[in-house]
Amino acid sequence: MVAMAKDAEKLTVRVSRENLAFIVAYAREHGVTFDEVITRSLVQFRYSQDPCDDLTAAEISGVLKGVVSDRKAYFEHMDKKHR
């Protein structure tokens, strides 16, 4: 579960019915809230634009779930980091 930031703002956006249905279904299937799906998506987008040096920390925190899913990539990253 992603904790809601204390400085969170309410935002109204227009999305297609198809996208809305997808987000709602995804949230139900994964046991998360609608807000968590949107927040995770935005965080992943931000990190894809300016990746942090330590993706492992982001993965462990659960914010970027699935970012370090390839074991080989993970070990290469750790090897490079600790040289």
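**Exercise 1. Work out whether Asp79 is buried, partly exposed or exposed, and find its salt-bridge partner.**

Step 1. Asp79 has a relative accessible area of 42%. Buried means under 20%, exposed over 50%, and partly exposed in between, with a 1.4 Å probe and protein chains only as cover. Asp79 is therefore partly exposed.

Step 2. A salt bridge is a side-chain nitrogen of Lys or Arg within 4 Å of a carboxyl oxygen of Asp or Glu. Asp79 forms one with Arg83, and their closest N and O atoms are 2.6 Å apart.

Step 3. Now look at the partner: Arg83 counts as exposed, at 76% relative accessibility. The structure holds 1 salt bridge.

A note before going on: this is a predicted model, in which local features need pLDDT of at least 70, side-chain atom pairs count only at pLDDT 80 or more, and totals for chains, interfaces and linings use all residues. Residues are numbered from 1 along each chain as its sequence is written, and side-chain values use heavy atoms, leaving out hydrogens and water.

**Exercise 2. Describe the overall build of the chain.**

Step 1. Count the elements: there are 4 helices and 0 strands, in the order α-α-α-α from the N terminus. Helices (H or I, at least four residues) and strands (E, at least two) are DSSP runs, numbered from the N terminus.

Step 2. Turn to burial: of the 83 residues in the chain, 14% are buried.

Step 3. Finish with the surface. The chain has about 7,400 Å² of accessible surface, 55% of it belonging to carbon and sulfur atoms; the areas come from the Shrake-Rupley method with a 1.4 Å probe, and for residues only the protein chains shown count as cover.

**Exercise 3. Explore the surroundings of Glu36.**

Step 1. Locate Glu36 in helix H2, which spans residues 34-49.

Step 2. Check for a charged partner. Glu36 is buried but has no salt bridge, and Arg40, its nearest side chain of opposite charge, is 4.7 Å away. Here Lys and Arg count as positive, Asp and Glu as negative, while His and the chain ends are not counted.

Step 3. Look at Thr33: its backbone nitrogen lies 2.7 Å from a polar atom of the Glu36 side chain.

**Exercise 4. Find the nonpolar patch on the surface and place Val15.**

Step 1. The patch consists of Leu11, Val13, Val15, Leu20, Phe34, Ile38 and Leu42, together with about 640 Å² of accessible area. Patches take residues with over 30% relative accessible area and no salt bridge, joining like charges within 9 Å and nonpolar side chains (Val, Leu, Ile, Met, Phe, Trp, Tyr) within 5 Å.

Step 2. H2 gives the most to this patch, with 3 residues.

Step 3. Val15 sits in the segment before helix H1 (17-30). Val15 is partly exposed, at 45% relative accessible area.

Notes: Polar contact = N/O pair within 3.5 Å; in protein donor to acceptor, adjacent residues only side chain to side chain.
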